[in-house]
Amino acid sequence: MVDLRSDTVTRPTPGMRAAMAGAEVGDDVYGEDPSVNALEAEVAALFGHEAALFAPTGSMANQIALQLLVPPGEELLCDADAHIVTYEVGAAAAYGGISTRTWSPVGADVDPEVVAAMIRPAGGYHAVPTRAVAVEQTHNRGGGGIIPLATLRELRRIVDDAGIALHCDGARIWHAHVADGVPLHTYGGLFDTLSVCLSKGLGAPVGSVVVGSAEKIERARTIRKRLGGGMRQAGILAAAGRYALAHHVERLAEDHVRAARLAEAVAPFGVLAGTVRSNLVPLDLSKSTLDAPGLAAAARADGVLISVLGPRIARLVTHLDLDDDGVDRAAGVLTRILRG
């Protein structure tokens, strides 16, 4: 099978497995796992923050960050297609007591003035005050779109003027860094908190990292424990993350090239849903005789797996386990199906 469903399907490379097997470990709940401590220090430094916290999942990392920024009963602003309100099963409300309000889904094309107009100050008559804004870099349901640095800087100015916080769901921020050449510490300097994933494009088997100030990360440890995320000899997992940071960041450019090749193959059939900037290829089948489940079923029968995001929305994802031969095979299968 050629698996284009997600970049979460990758398996550890031999070098990563060796790093995991040789990891020095301790009890991380006591703060005594040297491999976890080293990973946290490394990621914090990459983004120019004081501290970081290793978490088992990206959803948990996001929810920890949101609870650091938004008290129960108060408000987070984000877009309607954001991962934190679409794919985290209501965790912000269920576990954080956080109210969310969204702007219309525009992927990476965020209009800072729209966001500014939505902010509610504290002290209004029973109005829910806005405490934070969250953005996604790159944007998953936005087809891997990359929010421009100028937009992020304007959002930073807006939240500073309002006295509220800015969070980045940076699950695939590594892709934005490679595609646009923006240094990680530049991104880090724009946000109060970030969550960055090790198990998507970077190919680690599990794990995300919450990044923020030392004071926030100290509180984050309590929130992580409350959510059931206190891990013991987690250095085996942290070692995979450290290996990924050392070996798998710059190679993301290969995934971008392969995604562009897939986009070029399907574009003549009128199903490409936007410009491909990173490793995600969004498909809109609203004008096709096929729907997304039908395309996925036909592709599966011919050895290619794709992701179905809606009745007429599908997605292709390039990743560490996909080589040029796999791209060629997938392109051939998909074009044959789309051609009818």
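# Report on a predicted 340-residue chain

The chain has a radius of gyration of 20 Å, which agrees with the value near 20 Å for a compact globule of 340 residues. The radius is taken over C-alpha atoms, and the globule rule is 2.2 Å times the number of residues to the power 0.38. This is a predicted model: local features need pLDDT of at least 70, side-chain atom pairs count only at pLDDT 80 or more, and totals for chains, interfaces and linings use all residues. Residues are numbered from 1 along each chain as its sequence is written, and side-chain values use heavy atoms, with hydrogens and water left out.

## Overall build

The C-alpha trace spans about 60 × 55 × 35 Å along its principal axes. The chain holds 14 helices and 12 strands. Both are DSSP runs numbered from the N terminus: helices are H or I with at least four residues, strands are E with at least two. Buried residues make up 55% of the 340 residues. Buried means under 20% relative accessible area, exposed over 50%, and partly exposed in between, with a 1.4 Å probe and protein chains only. Among contacts with a separation of 6 or more, 74% link residues 24 or more positions apart. A contact means heavy atoms within 4.5 Å.

## Strand 3 and its partners

Strand 3 covers residues 75-79, and five of its five residues are buried. Glu75, Leu77 and Asp79 point one way. Leu76 and Cys78 point the other way. In a regular strand the side chains alternate between the two faces of the sheet.

Strand 3 runs parallel to strand 4 (residues 99-103), joined by five bridges. Cys78 has Thr102 as its bridge partner in strand 4. Strand 3 also pairs with strand 5 (residues 130-136), again in the parallel sense, over three bridges. There, the partner of Glu75 is Thr130. Two strands pair if DSSP finds at least two bridges between them.

## The antiparallel sheet and the pocket

Three strands form an open antiparallel sheet in the order 9-12-11. Strand 9 and strand 11 (307-308) are the edges, each pairing on one side only. Strand 11 meets strand 12 in the antiparallel sense over two bridges. Val308 has Ala314 as its bridge partner in strand 12.

Strand 9 (280-284) and strand 12 (313-317) also each supply at least two residues of the lining of the largest pocket. This pocket has a volume of about 390 Å³. Of its 23 lining residues, Arg141, Gly142, Gly143, Ala273 and Pro282 are the closest to the centre. By class, the lining has 10 nonpolar, seven polar and six charged residues. Ala, Val, Leu, Ile, Met, Phe, Trp, Tyr, Cys and Pro count as nonpolar, Asp, Glu, Lys and Arg as charged, and the others, Gly among them, as polar.

A pocket is an open set of points on a 1 Å grid over the protein atoms alone, where a 1.4 Å probe fits, with protein on both sides within 12 Å along at least five of seven lines; lining residues have an atom within 4 Å of a point. Points are joined across faces, edges and corners, and the volume is the space filled by probe spheres set on them.

## Selected residues

The table places three helix residues and one loop residue.

| Residue | Place | Relative accessible area |
|---|---|---|
| Arg258 | helix 12 (residues 252-266) | 11%, buried |
| Arg219 | helix 10 (residues 214-226) | 34%, partly exposed |
| Glu215 | helix 10 | 46%, partly exposed |
| Val89 | loop between helix 4 (83-86) and helix 5 (91-96) | 81%, exposed |

Arg258 counts as buried because its relative accessible area is 11%. Not counting residues up to four places away in sequence, Arg258 touches Arg251, Thr318, Leu322, Asp323, Asp324 and Val327.

Two C-alpha distances start from helix 10. Arg219 and Gly203 are 16 residues apart along the chain, and their C-alpha atoms are separated by 29 Å. Glu215 and Thr138 are 77 residues apart along the chain, with a C-alpha separation of 27 Å.

## Backbone exceptions

Most residues other than glycine have a negative phi, and most peptide bonds are trans. Val89 is not a glycine, yet has a positive phi of about 40 degrees. Gln137 and Thr138 are joined by a cis peptide bond, with omega about -5 degrees. Thr138 lies in the loop between strand 5 and helix 7 (149-162).
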